[in-house]
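Biologist: Please take me through the model shown below, with the criteria behind each value.

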Amino acid sequence: MKAIFKIALGIIAAVGGFLDIGDLVFNTQAGALFRYDLIWAVVCGVIGIAVYAEMSGRVAAVSGRPVFDVIRMRLGFGPGLIALVASTLVNVLTIAAELGGLAIILTLLFDAAFSMFVVVAVLALIVIVALLPFGGLERLFGYGGLLLLVMVATAIDQQPDWGAVAQGLIPSLDSSPLYLYFVVGTFAAALMPYEVHFYSSGAIEERWTEENLKENRLNAIIGYALGGVLAVSLVIVSGYLFHPLGVEPNDLGTVALPSQVAFGETGLLLALGGMLCCVGGAAIDSSFAASYNLAQFLGWEWGRYRGPKKAPRFTVSWLAFLAVAVMIVESGINPVEITEYSVVFSVVALPLTYFPILLIAGDRSFMGEHANGRIASLLGWVYFGVIIVLALASIPLLLITNGGGG
Amino acid sequence: MRIAARTAVLSAVVALLAGLLGGCGDLSRGELSRGVESLSALAAQGGLVAKGVAEDGTKATYARVMAKTLGGEAEHEAEKLADAEPEAAVEAQRGEAVAVARELAELFAELQTYPGDERHGATVQKHMARAKAQADAIAEGLTGEEQ
């Protein structure tokens, strides 16, 4: 009973921690521009992250090796270094985007200077990380993120044409560059590389073994599937409210507007609170992921459970990544723009992250009986093919559409 | 002789280009139409924020910050449209669009000043709806499509 309860708590945390600023921005814009037409892309992205998170968690639980260890082992030093540089650049942009997002949400709640809130946000994160154990961090932000269930309630309250919503699950034949750009964006927002870096390193932090494989599978499949419901609800509420009015959601505050329209101030506060927890959790995940990757590649001691004294270089690098991200946000670049660039550039780094996971998870000599089965293998290779196509298309689409500006 | 002919041809080309460019302007019908659509979108979003204020269904800080951000966008759009040199055929619509953008900026300023006042919220909501209708009418005139 206790084990089931623990697994259920893990799933709940995975649901609440599923969304980050990339999902909030891209899914809301996708709904405003294309109504329900891009729901299929969100769903495809959610299945993709579930498939690869399950693989990376399984590899970590069976072998005790997190993703970047595997990347260096499989690709060797040179290509591994390229993967490290690419992932680090994307991770730093992502941390900056999440910190900027946090500052925007705090500004909407308390109306003071944005730059002050950037500093407040980063200091608050450092204090929270210093005070809470690893599991506590996951639960705090994961449970808090559940406030965004108000988006699901908003979607139900709006009473949209559910037939049209269901039709959004079928890919439409629109081939305009803007549509394709948002296909890449919504798909990539769900598959950000930091998520599997953090997930697999988190498995080591929580000392998973083969006994945790069931928990891993349930977290990845049920947790991410329910998290996907939140992601789809963002598209629905935006498609219902913003699309007919021609609203262009270029500001993070607009994401919370449908909940205000549906449930007044309570809805607004729930939405802003949920966004705060999701984006705060993602800021910690992405900053940890950047430090995990660096430490694992260079063979340093790493891990929140070791503490700053036993893993000093890991801790210093984490603080350094936060400091660089603060400088980027304080330079005056719009956090929503940083988000769009971090999501699109992450697509280029995706193959370097996912290919080694796919190889090692399918290697029977390494994984034994826990190697990929037929379904995991098929899904993994199909998704890898899709990732390659998206990686090739992402930068041209970014340029052609002027960053989604049309 | 050949140099004189070449100079004459070059001068004619330059004169022709100058004439063409002078008549064209740097703001085409399509660009103006996109600018006006942005104004319509801003008015719609402003209307939703104002509705929250009017119904006491929002948080004052949220309404103030949103009004400030959206007002800045309306101001920017007004400046962009006012600075551009329109094609002769759309000069009148450009003027109307600038007027709508300025009105929107003023409405957002009002919302920013009174984010907790329901009466002001209701007035701004009504004016936002009117500004949106004006923007849609301009866009319809430019594209020939009903907005």
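Biologist: What volume does the largest pocket have?

Modeller: This is a predicted model, in which local features need pLDDT of at least 70 and side-chain atom pairs count only at pLDDT 80 or more, while totals for chains, interfaces and linings use all residues. Residues are numbered from 1 along each chain as its sequence is written, chains are lettered from A and ligands numbered from 1 in the order in which they are written, and side-chain values use heavy atoms, without hydrogens and water. On a 1 Å grid over the protein atoms alone, a pocket is an open set of points where a 1.4 Å probe fits, with protein on both sides within 12 Å along at least five of seven lines. With volume taken as the space filled by probe spheres set on the points, the largest pocket has about 1,600 Å³.

Biologist: Which residues lining the largest pocket are the closest to its centre?

Modeller: Lining residues have an atom within 4 Å of a point. Of the 45 that line this pocket, the closest to its centre are A:Glu248, A:Asn250, A:Gly404, A:Gly405 and B:Ser38.

Biologist: Which helix gives the most to the lining of the largest pocket?

Modeller: Helices are DSSP runs (H or I, at least four residues), numbered from the N terminus. Those that each supply at least two lining residues include α12 (213–245) and α16 (335–361) of chain A, and α2 (29–54) and α3 (60–83) of chain B. The most, 9 residues, comes from α2(B).

Biologist: Is A:Glu54, which forms a salt bridge with A:Arg58, buried or exposed?

Modeller: A salt bridge is a side-chain nitrogen of Lys or Arg within 4 Å of a carboxyl oxygen of Asp or Glu, and here the closest N and O atoms are 2.9 Å apart. The two residues are separated by about one helical turn because they lie 4 residues apart in helix α3 (residues 39–63) of chain A. Buried means under 20% relative accessible area, exposed over 50%, partly exposed in between (1.4 Å probe, protein chains only). At 9%, A:Glu54 is buried.

Biologist: With which residue does B:Asp136 form a salt bridge?

Modeller: The partner lies 4 residues away in helix α5 (residues 118–143) of chain B, about one turn of the helix. Both residues are buried. The closest N and O atoms are 3.3 Å apart, and the partner is B:Lys132.

Biologist: How many salt bridges does a search of the whole structure find?

Modeller: Another one joins the side chains of A:Arg306 and A:Glu301 at 2.7 Å, N to O. A:Arg306 is partly exposed at 28%, and A:Glu301 is partly exposed at 43%. Over all chains, the number found is 9.
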